[in-house]
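Grab the coordinates and work through these exercises with me. Each one sets a task, then walks through a solution.

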Amino acid sequence: MNAPELLPLVDIQSQIDTRNLPIQAVGIKEVRYPVRLRAPQAAQGQRHTIDTVGRWTMSVGLAASVKGTHMSRFIELLEAPRDALDLDGFAAMTREMLHRLDARSGCIEVHFPYFLRKAAPVSGVESLLDIDATWTCRIAADSTAPELSVRLTVAATSLCPCSKEISAYGAHNQRSHITLDVRLRQAMSIEELARMAEDSASCAVYGLLKRVDEKHVTERAYDNPKFVEDLVRDVALALAAEPRVKAYEVEVENFESIHNHSAFATLGGSRDD
């Protein structure tokens with residue numbers, strides 16, 4: 001008796017299609033799979049990898065003459081043993097996908113929570129702070145060079161300059177979400193991009209603060225007031241000055257503390273603008 005796995009089976013996907021319509025993207029969407037990320041060089045005794053869960057979307061372009069792609073090969077790619085990923089490894093994974101599926105173009109996008117370990121500004125007590133992040137790698141049919149993009153949303157504090165100016169004491173502040181969508185010439189870490197956002201705000205936020213830290217961040221924000229317009233411009237200037245950045249779009253949303261609505265601003269451009 002023949003083993004089932006040795007029986008010849010028809011490969012429908014590889015048959016010729018006569019409708020003469022290429023497909024720009026075909027693949028799998030929103031697949032949850034673990035991912036191990038390579039963290040930037042850490043101090044002695046600290047971890048060099050970060051384990052998280054990614055939501056993966058993977059696609060390739062399909063030639064007009066080919067009936068269908070091989071969907072199982074996307075999962076096989078996720079299952080393949082590999083070192084912890086950085087952006088260069090992510091680009092190599094995208095090239096491997098094109099090779100496995102005999103495709104000339106394709107894209108991998110993965111969304112994941114990324115945990116930064118931050119030390120409080122005075123006490124030094126450490127805690128984790130989560131950032132929503134997305135890596136995207138595209139390879140076009142007419143180019144072997146991958147296009148890498150990073151999107152992340154960073155929380156920060158902003159304090160209103162007008163409120164500070166007109167009030168006899170105090171000033172209202174709000175939590176800001178700073179979203180960076182960056183196309184890169186060279187790889188940049190999530191830590192580097194997050195720092196650009198935090199440094200542009202009135203003050204950074206932390207997972208854990210002691211009283212001495214709370215005093216520091218309150219006074220830091222008061223001494224560094226920012227409108228939402230100030231914040232989005234300062235982030236854009238920092239990105240425009242970074243040679244590894246090709247193009248960017250920044251959105252800042254302030255969750256107002258004295259209004260029942262948010263304030264927001266967006267600004268996009270490239271380093272060559």
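**Exercise 1. Find the strands that pair with E5, and name a bridge partner for each pairing.**

Step 1. Start with E7 (residues 203-204): E5 and E7 pair in the antiparallel sense over 2 bridges. Two strands count as paired if DSSP finds at least two bridges between them. Strands here are DSSP runs of E with at least two residues, helices are runs of H or I with at least four, and both are numbered from the N terminus.

Step 2. Pick out the partner: Thr-157 in E5 is bridged to Cys-203 in E7.

Before going on, note that this is a predicted model, where local features need pLDDT of at least 70 and side-chain atom pairs count only at pLDDT 80 or more, while totals for chains, interfaces and linings use all residues. Residues are numbered from 1 along each chain as its sequence is written, and side-chain values use heavy atoms, with hydrogens and water left out.

Step 3. Move to E6 (residues 173-184), which pairs with E5 in the antiparallel sense over 12 bridges. Ala-156 stands opposite Ser-176 of E6.

Step 4. Finish with E4: 7 bridges join E4 to E5 (residues 147-159), and these two run antiparallel as well. Thr-134 has Arg-151 as its bridge partner in E5, and Cys-137 has Leu-148.

**Exercise 2. Describe the hairpin made by E3 and E4.**

Step 1. Count the bridges: 14 of them join E3 (residues 106-119) to E4 (residues 126-139), in an antiparallel arrangement. One pair to check is Arg-117 with Leu-128 in E4.

Step 2. Look at the turn. The hairpin has 6 residues between its strands, and Gly-124 in the turn has a positive phi of about 80°.

**Exercise 3. Which residues other than glycine have a positive phi, and are they buried or exposed? Treat Asn-20 and Asp-102.**

Step 1. Asn-20 has phi near 60° and sits in the segment before strand E1 (23-38). Its relative accessible area is 61%, so Asn-20 is exposed. The cut-offs: buried is under 20% relative accessible area, exposed is over 50%, and partly exposed is in between (1.4 Å probe, protein chains only).

Step 2. Asp-102 has phi near 50° and lies in the loop between H2 and E3. With a relative accessible area of 73%, Asp-102 is exposed too.

**Exercise 4. Why does the structure hold 0 disulfides, judging by Cys-137 and Cys-162?**

Step 1. Recall the chemistry: a disulfide is a covalent bond between the sulfur atoms of two cysteines. The test used is a pair of cysteine sulfur atoms within 2.5 Å.

Step 2. Try Cys-137. The closest cysteine sulfur is that of Cys-107, 7.4 Å away, so it's too far for a bond. Cys-137 is buried, at 0% relative accessibility.

Step 3. Try Cys-162. Its closest cysteine sulfur belongs to Cys-160 at 5.2 Å, again too far for a bond. Cys-162 is partly exposed, at 39% relative accessibility.

**Exercise 5. Work out how H1 and H2 pack.**

Step 1. Two packed helices are described by the angle between their axes and the distance between the axes. For H1 (residues 72-79) and H2 (residues 87-100), that's an angle of about 145° and 10 Å between axes. Axes are lines fitted to C-alpha atoms, for helices over the stretch in contact, and angles run from 0 to 180 degrees between N-to-C directions.

Step 2. List who meets whom: Arg-73, Phe-74, Glu-76, Leu-77 and Leu-78 of H1 meet Met-93, Glu-96, Met-97 and Arg-100 of H2. Contact here means heavy atoms within 4.5 Å.

Step 3. Zoom in on Glu-76, which is partly exposed with a relative accessible area of 42%. The C-alpha atoms of Glu-76 and Asp-102 are 14 Å apart, with the two positions 26 residues apart along the chain.

**Exercise 6. Place Ala-221 and list its contacts.**

Step 1. Ala-221 is in helix H5 (residues 211-223) and is buried at 2% relative accessibility.

Step 2. Leaving out residues up to four places away in sequence, Ala-221 touches Thr-157, Leu-159, Ser-202 and Cys-203. Thr-157 and Cys-203 are also the bridge partners from E5 and E7.
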